[in-house]
Amino acid sequence: MTIVKIVWPMTILLIVLTGCNTVPYSGDIPSIIKVYEQKIDFAQAGISYAQCLNEVQIPEAPMLDPENESLQELIPIIRRFVLEDTTVLEKTIAGEGTNGKTSDIEVTFPSFLTFIDESRDLLGYLDRRLSLGQMSLTKNSADDQTIEKLYEHDRPGSYYGPIFGVAEGLKASHYVITSSFPRYDVSKVAVAISKTALQASYFSDELDYEAIYNCSMIGGKYDSRFNDAGSLAFEDARNAVDFSAMSVEDRKISNRDKREEMYQRYDDAKDTVRALKKLF
Amino acid sequence: MRCIFLFVALVASASAVSDVDYGTIKISGGRPLHQAEKIGRYKRDLYRKYSYIRCVNYQLVKHFGSDSYNETEKIFPADLAETLYLVKSKLSALTAQRESLLLHHDTLPEDNISFDEQHAVNQSQKHAGKIKERLDLVFDQISARRVTEGNVAICDKVLNR
């Protein structure tokens, strides 16, 4: 009993110190398989969504309404990102503090199709391990270590830098479908596209907004990962548009906006103090 | 009873102070983020009216076609188009200005914006004020008429009324 009293608080402390997210996985093969199956499911839905958007005609000429301009910009981005391998130049910093050296590295983000292929290879490898009775990754297998590091890297909030150098003999793009990188947050962009299309339908008919919105229908059902309106069909979703948050830009919650919001509260407080001073 | 009265007076006074009068521009001056926040509020108001007018215009053209819309409604799409174009450009300029102000911090005294930058902000606000006056005229004209033809009623949603 005394041992439990000592060990349990220490375990809790360890969980807090190491971050709760790291505890359930830690090389646990069934957990990794489950997560990758969910990712494959999302990637398949993403392909269906992007292929549908591919059918929507987007004029090249500049458009008048800001919502249309936004759709004109976002739709090709999401199409390219989901359907094509994308190579970008990234700056990495090796070393710490001001002594760190920067270098440019070409990083290829796999298309969702490539990601699915590679993930299936990974799942095949993990399945073989499971069939041999191995339930977790081991430290004495180089392949296991690589997978663990790739997996660790791929969690929200992490950055893909650490995988370079550990994935020897493995292409840098392997398994890097990174929802942790906001620029490439497919669901977020898709939701923005659907909302903007609904909003734009009040002002214009230059694009086929219903077709754009209906791309969020995956496997015969509207999918909230791509529209944020749940199962509502176009007309109902259109009637449910909330114009109190008037623009896509205003809906974004960036650090800047948070900072601004903090300032706003401070500002209101100042106004109230000023009002009180006037009264007394 | 006196306390209740005092409380009501306090609340009314505080809310009156926090209202921003967009009829005349009162944005210039203040800490960078403070100015950015005011530009944000100003922009939202501009965008809301701009969107309402676009919606009414779109619904009327859809219902009447642009020719008969001229005759029936005495609101001229060509005039509206010019106003809307000006407002859109100004909205983009205000967005860029707000973004630029948001790059500053309000925690350090030395992080004030430069004289030139402040001058540019002030000039832009004056210009925005003129465009807003023009937009307000159209907005008042359209919203006072309470157009019932076509599907214009749907545009009330844009104003949240």
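1. Is Asp228(A) buried, exposed or partly exposed? In this predicted model, Asp228(A) is partly exposed, because 16 other C-beta atoms lie within 10 Å, whereas a residue counts as buried at 20 or more and as exposed at 12 or fewer. The residue also merits a look at its backbone: Asp228(A) is not a glycine, yet its phi is positive, at about 60 degrees. Its place in chain A is the loop between helix 8 (224-227) and helix 9 (234-239).

2. Overall confidence comes next. The model has an ipTM of 0.70 and a pTM of 0.69. For chain A the mean pLDDT is 70, and 55% of the residues score at least 70. For chain B the mean is 74, with 70% of the residues at 70 or more.

3. Within chain A, confidence varies by element. Helix 1 (residues 2-18) of chain A has the lowest mean, 45, while helix 7 (residues 209-214) of chain A has the highest, 97. The pLDDT is below 50 over residues 155-183 of chain A, a stretch with 48 contacts in the model beyond near neighbours in sequence. It is also below 50 over residues 256-280 of chain A, where the corresponding contacts number 26. Where pLDDT is low, the predicted coordinates should not be read in detail.

4. Chain B can be reviewed in the same manner. Among its elements, helix 1 (residues 2-18) of chain B has the lowest mean pLDDT, 39, and helix 2 of chain B the highest, 86. Residues 1-27 of chain B stay under 50 throughout, and the model gives this stretch 27 contacts beyond four places in sequence.

5. As to composition, chain A contains eleven helices and four strands. Chain B has five helices and zero strands, so that from the N terminus on its elements run α-α-α-α-α. Buried residues make up 24% of the 280 residues in chain A and 29% of the 161 residues of chain B. Of the contacts with a separation of 6 or more, those between residues 24 or more positions apart account for 61% in chain A and 79% in chain B.

6. The largest nonpolar core comprises 56 residues, and those with the most contacts inside it are Ile78(A), Ile193(A), Ala197(A), Ile212(A), Cys55(B) and Val56(B). Helix 2 (residues 32-64) of chain B supplies the largest share of this core, 13 residues. Leaving aside residues up to four places away in sequence, Ile193(A) touches Leu71(A), Leu74(A), Ile75(A), Ile78(A) and Ile212(A).

7. Helix 6 (residues 186-200) of chain A carries two of the core residues named above, Ile193(A) and Ala197(A). Twelve of the 15 residues of this helix are buried, so it is largely enclosed by the rest of the structure. Among the buried residues are Val186(A), Ser194(A), Lys195(A), Thr196(A) and Gln199(A). Its geometry is consistent: at 1.5 Å a residue the helix should span 21 Å, and its end C-alpha atoms are 21 Å apart, which agrees.

8. Helix 2 (residues 29-54) of chain A passes a similar check. Its 26 residues should span 38 Å at 1.5 Å a residue, and the end C-alpha atoms are 37 Å apart, which agrees. The buried residues in this helix include Ile32(A), Tyr36(A), Ala43(A), Gly46(A), Tyr49(A), Ala50(A) and Leu53(A). An α-helix has 3.6 residues a turn, so residues three or four places apart point the same way.

Key
Residues are numbered from 1 along each chain as its sequence is written. Chains are lettered from A and ligands numbered from 1 in the order in which they are written. This is a predicted model: local features need pLDDT of at least 70, side-chain atom pairs count only at pLDDT 80 or more; totals for chains, interfaces and linings use all residues. Two residues are in contact if their C-beta atoms, placed from the backbone, lie within 7 Å. A nonpolar core is a set of buried Ala, Val, Leu, Ile, Met, Phe, Trp, Tyr and Cys residues joined through C-beta atoms within 7 Å. The expected span of a helix is 1.5 Å times one less than its number of residues. pLDDT is the predictor's confidence in each residue, from 0 to 100.
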